[in-house]
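I pulled up this model to go through it at my desk, one topic at a time. Here is the thing itself, before my scribbles.

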Amino acid sequence: MKNKKFVGTVMIPAMLHMFIFIVIPIVIGLVISFFNYNPLSSDNKFIGLENFVRLAQDADFRKALINTLVFVLVTVTLNIGIALVVAQMISWFKSNKVRSFFRMVFFLPCIAPMVATSVVFSRSIFPTTTGFLNVALNKIGIDSINWLGDPKVVMISLIIYTIWVDVGYNIILFSAGIDGIPSYVYEAADLDGASEWVKFRKITWPLLGRSFQFVIVQTLISHFQMFAQFAVLILKDGPQNSGLVLSRYIYKMAFEYKDMGYASAVSLVLFVIIMTLSLIEQKKSSVDWEY
């Protein structure tokens with residue numbers, strides 16, 4: 001009982017923080033979604049479900065929703081796939097210093113502020129005439145691509161940037177998970193003559209169950225909420241709203257048009273999507289040996 005009281009006492013600050021800065025804002029957002037709420041107006045009428053009915057009729061909302069789902073699906077899949085492969089390759093080095101060096105190199109983009117790196121990509125990497133990426137493509141005989149002006153390419157540009165800036169975090173997590181697998185398991189596989197692919201499929205993949213579940217859920221949540229590159233890397237949500245996502249749409253409705261009630265309704269939809277996918281992934285990814 002003494003240990004339980006100590007744990008409860010230690011958890012009080014964290015629980016208060018979560019209640020004040022997470023639970024209360026969610027409840028307030030839910031309440032506001034039923035009002036025609038404008039912070040600059042004194043007349044904020046209760047309108048019931050009108051904001052949610054408006055969602056079903058809003059073409060911009062549907063565009064933002066589709067763009068968000070496409071962006072998250074592609075970036076999460078590529079991010080986790082690349083991170084897992086790179087982490088496995090790093091684990092092949094026997095020297096701890098070499099492994100630490102590569103982890104540091106891949107993690108460096110995660111340290112830099114996304115606003116700053118978005119500006120660098122928009123002005124140095126993606127420009128049509130002077131951008132580094134098009135200069136490199138021209139060198140090998142490929143015509144320049146309008147990375148930020150072509151509605152068919154804008155989302156690809158955002159995906160490339162997001163993977164570059166975020167993949168290092170998952171590489172670190174997968175590397176830690178691989179390092180936590182007992183070495184004698186691999187030694188036994190070597191004695192049986194197992195190839196690297198067999199060791200990965202039969203040992204690494206199953207024993208990374210918990211790490212894999214954590215990485216998927218955290219990456220899903222963070223990518224659904226990403227905002228900086230959509231506000232800085234492209235201008236005015238890209239041509240034909242090709243770069244408009246839910247996080248950016250919420251900001252536009254709330255702070256540009258001062259339609260807080262409608263923005264809260266969109267936020268609630270995003271919250272439900274994230275919560276549903278997270279619960280499904282946790283249920284689906286649970287492994288048999290967890291207890």
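What follows are my notes on confidence, salt bridges, pockets and a few single residues.

**Confidence**

I reminded myself that this is a predicted model. I looked up the confidence before anything else: the mean pLDDT of the protein is 90, and 97% of its residues reach 70 or more. I then checked for a weak stretch and found residues 287-291, where the pLDDT is below 50. Beyond near neighbours in sequence, that stretch has eight contacts in the model, and I'm treating those with caution.

**Salt bridges**

How many salt bridges does the structure hold? I get seven.

I started with K199 and E196, whose side chains meet in a salt bridge at 3.2 Å, N to O. Both sit in helix α9, three residues apart, which is about one turn of the helix. I also looked up how open each partner is. K199 counts as buried because its relative accessibility is 8%, under the 20% cut-off. E196 comes out at 40%, so I have it down as partly exposed.

Next I went to D237, which turned up in two entries. It forms a salt bridge with R248, with the closest N and O atoms 2.8 Å apart. D237 is in the loop between α11 and α12 while R248 is in helix α12, so this pair ties together parts that are eleven residues apart in sequence. I checked the burial here too, and both D237 and R248 are buried.

D237 also forms a salt bridge with K252, and there the closest N and O atoms are 2.6 Å apart. K252 is in helix α12 and D237 in the loop between α11 and α12, so this pair ties together parts 15 residues apart in sequence. K252 is buried, as is D237.

Which residues end up in one network through salt bridges that share partners? I noted D237, R248, K252 and E256.

**The loop between α11 and α12**

Since D237 had taken me to this loop, I looked at the backbone there as well. As a reminder to myself, most residues other than glycine have a negative phi. K236 has a positive one, near 50°, and it lies in the loop between α11 (228-232) and α12 (246-256). Is K236 buried or exposed? It is exposed, because its relative accessible area is 76%, over the 50% cut-off. N241 lies in the loop between α11 and α12 too, and its phi is positive at about 55° although it is not a glycine.

**Largest pocket**

I looked up the pockets next. About 710 Å³ of space lies in the largest pocket. It is lined by 23 residues, and I wrote down the ones that lie nearest its centre: Q225, I250, S267, L270 and F271. The elements giving two or more residues to this lining are α1, α12 and α13 (260-285). Which element supplies the largest share of the lining? That is α13, with ten residues. By residue class I have 17 nonpolar, six polar and no charged.

**Second largest pocket**

The second largest pocket has a volume of about 460 Å³. Its lining has 17 residues, and S91, W92, K94, I178 and Y186 lie nearest its centre. I traced the lining to helices and found that α3 (59-91), α7 (154-179), α8 (183-191) and α9 (196-207) each supply at least two residues. The classes here are six nonpolar, four polar and seven charged, so I flagged the charged count next to the earlier pocket's entry of no charged residues.

**Two more residues**

I looked up R103, which is in helix α4 (residues 96-111). What does R103 touch, leaving aside its neighbours within four places in sequence? The contacts are I90, I172, S175 and D179. R103 counts as buried because its relative accessibility is 17%, under the 20% cut-off.

Last, I picked M11, found in helix α1 (residues 2-32). Its relative accessible area is 41%, so it goes down as partly exposed. I also checked a long span: the C-alpha atoms of M11 and T128 are separated by 53 Å, with the two positions 117 residues apart along the chain.

Note on methods. Residues are numbered from 1 along each chain as its sequence is written. This is a predicted model: local features need pLDDT of at least 70, side-chain atom pairs count only at pLDDT 80 or more; totals for chains, interfaces and linings use all residues. Side-chain values use heavy atoms; hydrogens and water are left out. pLDDT is the predictor's confidence in each residue, from 0 to 100. Contact means heavy atoms within 4.5 Å. Helices (H or I, at least four residues) and strands (E, at least two) are DSSP runs, numbered from the N terminus. Buried means under 20% relative accessible area, exposed over 50%, partly exposed in between (1.4 Å probe, protein chains only). On a 1 Å grid over the protein atoms alone, a cavity is a set of points where a 1.4 Å probe fits but cannot get out, and a pocket is an open set with protein on both sides within 12 Å along at least five of seven lines; lining residues have an atom within 4 Å of a point. Grid points are joined across faces, edges and corners, and a volume is the space filled by probe spheres set on the points. Ala, Val, Leu, Ile, Met, Phe, Trp, Tyr, Cys and Pro count as nonpolar, Asp, Glu, Lys and Arg as charged, and the others, Gly among them, as polar. A salt bridge is a side-chain nitrogen of Lys or Arg within 4 Å of a carboxyl oxygen of Asp or Glu.
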